[in-house]
Every structure is written in structure tokens, then in C-alpha cells.
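Let's read this structure together, one feature at a time. Have a look at it before we start.

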Amino acid sequence: MTPQERQIALLVRDGPSNPEVGSRLFLSPRTVEWHLRKVFAKLGISSRRQLADALPRGEFRTGPG
């Protein structure tokens, strides 16, 4: 997974919509959707709800350090 895909996946996992994620990252909602499709394929999942299981909070940190 690319760093941008990972960042988007971690944000979406926590609940914001594609437009909300796009606004935070200065991306269009369609770009967020495109990255999510790639993430879903790489993780072998098919929905946003499955991100919580695929990306457990303790294993994927969002900040430096």
C-alpha cells in the first residue's frame, strides 16, 4: 500500500466520508474513492466497514514516531 493509500484508509476507517477525507487532504472525493478502490483490492475487502478489521488501531499508527 502506498503512503497516500494508507493515510486515506486510516482516515476512512475512523468514519469520515470521502468528501471529508478529501477536504482534509486537499483531494477531490473522486480521488479518495479511487485510492479506496485500490486499498480494498490490496486488502481483499469490499467495504468501508471491513477496514476496521483489516487495519486494527494498534497495528497502524497515524502519526510519526
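**Reading the helices and their core**

Q: Before anything else, what covers the buried residues of α1?
A: The cover includes α2, α3 and α4 (51–54). Helices here are DSSP runs of H or I with at least four residues, numbered from the N terminus. This is a predicted model, where local features need pLDDT of at least 70, side-chain atom pairs count only at pLDDT 80 or more, and totals for chains, interfaces and linings use all residues. Residues are numbered from 1 along each chain as its sequence is written, and side-chain values use heavy atoms, leaving out hydrogens and water.

Q: Which residues in α1 are buried?
A: Buried means under 20% relative accessible area with a 1.4 Å probe, protein chains only. In α1 that holds for Glu-5, Ile-8, Ala-9, Leu-10, Leu-11, Val-12 and Arg-13.

Q: Which residues of the largest nonpolar core touch the most other members?
A: Such a core joins buried Ala, Val, Leu, Ile, Met, Phe, Trp, Tyr and Cys residues through side-chain atoms within 4.5 Å. Of its 14 residues here, Ile-8, Val-12, Val-21, Leu-36 and Leu-51 touch the most other members. Two or more residues each come from α1 (3–13), α2 (18–25) and α3 (29–43), and α1 gives the most, with 5.

Q: At what angle do α2 and α3 pack?
A: Axes are lines fitted to C-alpha atoms, for helices over the stretch in contact (heavy atoms within 4.5 Å), and angles run from 0 to 180 degrees between N-to-C directions. For α2 and α3 the angle is about 105 degrees, with axes 8 Å apart. That makes α2 roughly perpendicular to α3 (65 to 115 degrees).

Key: Buried < 20%, exposed > 50% of the residue type's maximum accessible area, 1.4 Å probe, protein only. Parallel < 35°, antiparallel > 145°, perpendicular 65-115°, else oblique.
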